[in-house]
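User: Please take a close look at one helix-to-helix contact in this predicted model. After that, place it among the other local features that deserve a careful reading.

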Amino acid sequence: MSDIEAIQSQLLGDIEAAADANAVEALRVSALGKAGTITALLKTLGGMTPDERQAQGPAIHALRETITAALAARKAALDAAALDVKLAAEAIDMSLPADATPRGSVHPVSQVMDELAEIFADMGFAVATGPEIEDDWRNFTALNIPETHPARAMHDTFYFADTDAEGRAMLLRTHTSPVQIRTMMSQEPPIRIIAPGRVYRSDSDATHTPMFHQVEGLVIDRGIHMGHLKWTLETFLKAYFERDDIVLRLRPSYFPFTEPSAEVDVGYKQEKGRRIVGGNGDDEGHAWMELLGSGMVNRRVIANCGLDPDEWQGFAFGVGVDRLAMLKYGMDDLRAFFDGDLRWLAHYGFNALSVPTLSGGISA
């Protein structure tokens, strides 16, 4: 027993004095390895009588457990000390500025949507929304668009194979006008709304895409006339383009849902290959450009929505949001809006935290 106690005392002292993990590993091998001191003692148990094993075995096994635990404890202590040294050497200086991180930006379409909402809110308009999957009654029939109208053809409109519960054809809305119908059927006049959102038509080139964005406006009240429409459009476009020299020209036109109807042209000039909106289109160096469609809401549309056209009148207008963005910010290809090119977004992107305001500047 005195030999076992001496071995244990010697090994514990050596373990406590071990300076690093390599020294601890060397002690483990010398004590518990195949040729180790304790391993040799364990082997002697095979040549002992049962009585000797009963007397010596527990002490030898206890020695092995004690040394194994001491080795593990010393290794853990040395590893912890090494980690403390490493952490102290690699401490982060929190006073230094953080590394630059990628900053997100607002898509030009979203920016223009926010600008429009701010401008029209100042004129007392609310923002109304509706589903992008519509029935043909709200998309066409209620708007006085006849069955034979080309817009209803398969090559212009995306139809679904199924119908709704009332047997009406379902489609991807071709304009946000169904929002006007839904509003007039669910809300008592007076009504002042804009209806921005995605719309779908089977068309694709540099200035047209199968999916694009549109904003429409609707006013329903008593005594509404074309003068109210012209003032609203002038005020809107002056605020949007941030110019006071916006000049409009209203040309007679035809839309099934308005009567009378007017195409709205705006004066512009060409500078460095870019159209700059502003000025009188009849002035030298200027020209007229069609920008949007408008008119007085057709009596049939008002009646289709359950209102009395002898009591209520109104005007409506519609313009492409993507087109507004292209004109204001100098973009020349509509397809780039949907390419998802981060370089394009970085060039035209807007600060996500900069909210358009009339006081601070719509596009500031």
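Analyst: The axes of helix H8 (residues 226-241) and helix H10 (residues 321-329) cross at roughly 50° and come within 11 Å of each other. Here an axis is a line fitted to C-alpha atoms, for helices over the stretch in contact, and angles run from 0 to 180 degrees between N-to-C directions. H8 is therefore oblique to H10 (under 35 degrees is roughly parallel, over 145 roughly antiparallel, 65 to 115 roughly perpendicular, and the rest oblique). From H8, the contact (heavy atoms within 4.5 Å) involves Phe236, Tyr240 and Phe241, and from H10 it involves Leu324, Ala325, Leu327, Lys328 and Tyr329. Sorted by class, the contact of H8 with H10 has seven nonpolar residues, no polar ones and one charged residue (Ala, Val, Leu, Ile, Met, Phe, Trp, Tyr, Cys and Pro are nonpolar, Asp, Glu, Lys and Arg charged, and the others, Gly among them, polar). Helices and strands are DSSP runs numbered from the N terminus, helices being H or I of at least four residues and strands E of at least two.

This is a predicted model, in which local features need pLDDT of at least 70 and side-chain atom pairs count only at pLDDT 80 or more, while totals for chains, interfaces and linings use all residues. Residues are numbered from 1 along each chain as its sequence is written, and side-chain values use heavy atoms, with hydrogens and water left out. The chain has a mean pLDDT (the predictor's confidence in each residue, from 0 to 100) of 89, and 97% of its residues reach 70 or more. Among the elements, helix H9 (residues 299-304) has the highest mean pLDDT, 97, and strand S13 (residues 350-351) the lowest, 82.

Ser294 offers another view of H8. Ser294 belongs to strand S11 (residues 286-297) and is buried, with 2% relative accessible area (under 20% is buried, over 50% exposed and in between partly exposed, with a 1.4 Å probe and protein chains only). Apart from neighbours within four places in sequence, Ser294 is in contact with Leu229, Leu233, Phe255, Thr258, Ser261, Ala262, Val264, Ala316 and Phe317. Among these partners, Leu229 and Leu233 fall within the residue range of H8, 226-241. Others, including Thr258, Ser261, Ala262 and Val264, fall within the range of strand S9, residues 258-271.

Strand S9 has a backbone feature of its own. Pro260 is found in this strand, and the peptide bond that leads from Glu259 to Pro260 is cis, with omega near 0°. A cis bond also joins Pro189 and Pro190, where omega is about 5°; Pro190 is in the loop between helix H7 (177-186) and strand S6 (191-200).

After S9, in the loop that leads to strand S10 (274-277), comes Lys272. Its phi is positive, near 55°, in a residue other than glycine. Lys272 is exposed, at 91% relative accessibility. Asn144, also not a glycine, has a positive phi of about 65°. Asn144 sits in the loop between helix H6 (136-139) and strand S4 (159-163), and at 19% relative accessibility it counts as buried.

Charged pairs come next. A salt bridge is a side-chain nitrogen of Lys or Arg within 4 Å of a carboxyl oxygen of Asp or Glu, and by this rule the count is 22. One of them links Lys269 and Glu271 at 3.0 Å, N to O. Lys269 is partly exposed at 28% relative accessibility, and Glu271 is partly exposed at 36%. Salt bridges that share partners join Asp135, Arg138, Asp164, Glu166 and Arg168 into one network. Within that network, the side chains of Asp135 and Arg168 meet at 3.9 Å, N to O. Asp135 is in strand S3 (residues 133-135) and Arg168 in the loop between S4 and strand S5 (169-172), so the pair ties together parts that are 33 residues apart in sequence. Asp135 and Arg168 are both buried. Elsewhere, Glu65 and Arg64 form a salt bridge, again with 3.9 Å from N to O. Glu65 is partly exposed at 48% relative accessible area, and Arg64 is partly exposed at 29%.

Finally, H10 can be placed against the start of the chain. Glu5 lies in helix H1 (residues 2-17) and is exposed, with a relative accessible area of 53%. The C-alpha atoms of Glu5 and Arg323 are separated by 93 Å, with their positions 318 residues apart along the chain.
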